[in-house]
Amino acid sequence: MESSEAREHLSAVDRIVAATDREVRLPPALLIVVGVVCAIINGVRQARGIGIDVPADQYIQLPLIALIVLVGLVESRRAQRARRESLIAGYAGAALFCAFIVTMTLNITAQHRLISDTGMSVVWSATFSMALLFAGMMGSRLLLAAGAAMLACTALATYFDTWLSGTLAIGWLLGFLVPGLVLARGVSNGRGPAL
Amino acid sequence: MDEVLLSKIRLAVIGQLVNARWVTFSELAQQIDATNGNLSAHIAKLVESGYVKEEKRFEGRRPQSRYSLTKSGRAALLDHVTALQTLAAGQ
């Protein structure tokens, strides 16, 4: 092989690798549902905190969490029908799944014994903002900004005794609903070719 | 220099797979400028070399083939790119 041909082959590989699977693409519907459900859960807690009569948590949380599971299953089925799946989308999904498992484990074991209801809400927000930041760093400015906004709301919420749950609800909307809506419009969310 | 990767089409297939968990045949056919028959033959060579793993399944009623890069395929690409860079640098 001539050196000119070698350069041609190298540039072909560069072009392909730079243009494919560089963006983290998470299912918009799942982001929207998670954002709305978690904002409702925190919003209801906020309403109760300021004296509004709302139903008990178990009547609201169980159907909403069932909705997240249902949408998650539908989206996972849809992902199987896609034409390709990138490695970084898989890693981002794994990060969110790990965040869910870790927080749910703490929710079951430590809540009420070591961590209060309110403290647990902060743990949920902090863990998921970390997962969003991780997904964003791999290849999505949108998710990076969403994670930063959610983390900022989580940190800010700890200074507001009365409006803590409301601030966390805003964090869930900024962290999940907003990027979900942006992605649903088909807008590119990644860093673009890095090479 | 890896003989299997000297073909531009096979190199393009590996390039398409390098950051993917899997890619379907129809997606590869759309991304790579080759006829279905030609692409099929090149992919078969990659599968035979152990660089690419093939998975056949049904999507609804339609058969679908999807492909992923194996560890030896990834290593072969890195070695090949290093060899190309050495050759290109030699002018």
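Val52(B) sits across from Leu69(B), which belongs to β3(B), in what is a predicted model. The pairing behind that match joins strand β2 (residues 52–59) of chain B to β3(B), antiparallel and held by eight bridges. Two residues lie between the strands of this hairpin, and Gly60(B) has a positive phi there, near 70 degrees.

On to the next strand. β3 (residues 62–69) of chain B also pairs with β1(B), again antiparallel, through two bridges. Here Arg66(B) in β3(B) stands opposite Thr24(B). Strand β1 (residues 20–24) of chain B has a partner in the other chain as well: three bridges link this strand to β1(A), and the two run antiparallel. Within that cross-chain pairing, Glu85(A) is bridged to Trp22(B) of β1(B).

That brings up the contact between the chains. Chain A puts in 19 residues and chain B puts in 23. On the side of chain A that touches chain B, at least two residues come from each of α1 (3–19), β1 (84–86) and α4 of chain A. α1(A) has the largest share of this side, with nine residues. As for character, the side of chain A that touches chain B is a mix of eight nonpolar, five polar and six charged residues.

Now for the nonpolar cores. The largest one has 41 residues, and the members that touch the most others are Val24(A), Ala92(A), Leu132(A) and Ala135(A). Two or more residues of this core come from each of α2, α4 (87–109), α5 (117–139), α6 (141–157) and α7 (164–184) of chain A. The top contributor is α7(A), which gives 10 residues. Leu132(A) shows how such contacts add up: leaving aside residues up to four places away in sequence, this leucine touches Leu143(A), Ala146(A), Gly147(A), Met150(A) and Gly175(A). There is also a second core, separate and made of 22 residues, with Ile14(B), Leu17(B), Ile32(B) and Tyr51(B) among them.

One of the helices that feed the largest core, α2 of chain A, also lends itself to a quick length check. This helix covers residues 28–49, so at 1.5 Å a residue its 22 residues should span 32 Å. The C-alpha atoms at the two ends are 31 Å apart, in agreement with that expectation. After α2(A) comes Gly51(A), with a positive phi near 95 degrees.

Conventions
Residues are numbered from 1 along each chain as its sequence is written. Chains are lettered from A and ligands numbered from 1 in the order in which they are written. This is a predicted model: local features need pLDDT of at least 70, side-chain atom pairs count only at pLDDT 80 or more; totals for chains, interfaces and linings use all residues. Helices (H or I, at least four residues) and strands (E, at least two) are DSSP runs, numbered from the N terminus. The expected span of a helix is 1.5 Å times one less than its number of residues. A nonpolar core is a set of buried Ala, Val, Leu, Ile, Met, Phe, Trp, Tyr and Cys residues joined through C-beta atoms within 7 Å. A residue is buried if 20 or more other C-beta atoms lie within 10 Å of its own, exposed if 12 or fewer, and partly exposed in between; C-beta atoms are placed from the backbone. Two residues are in contact if their C-beta atoms, placed from the backbone, lie within 7 Å. Ala, Val, Leu, Ile, Met, Phe, Trp, Tyr, Cys and Pro count as nonpolar, Asp, Glu, Lys and Arg as charged, and the others, Gly among them, as polar. Two strands pair if DSSP finds at least two bridges between them.
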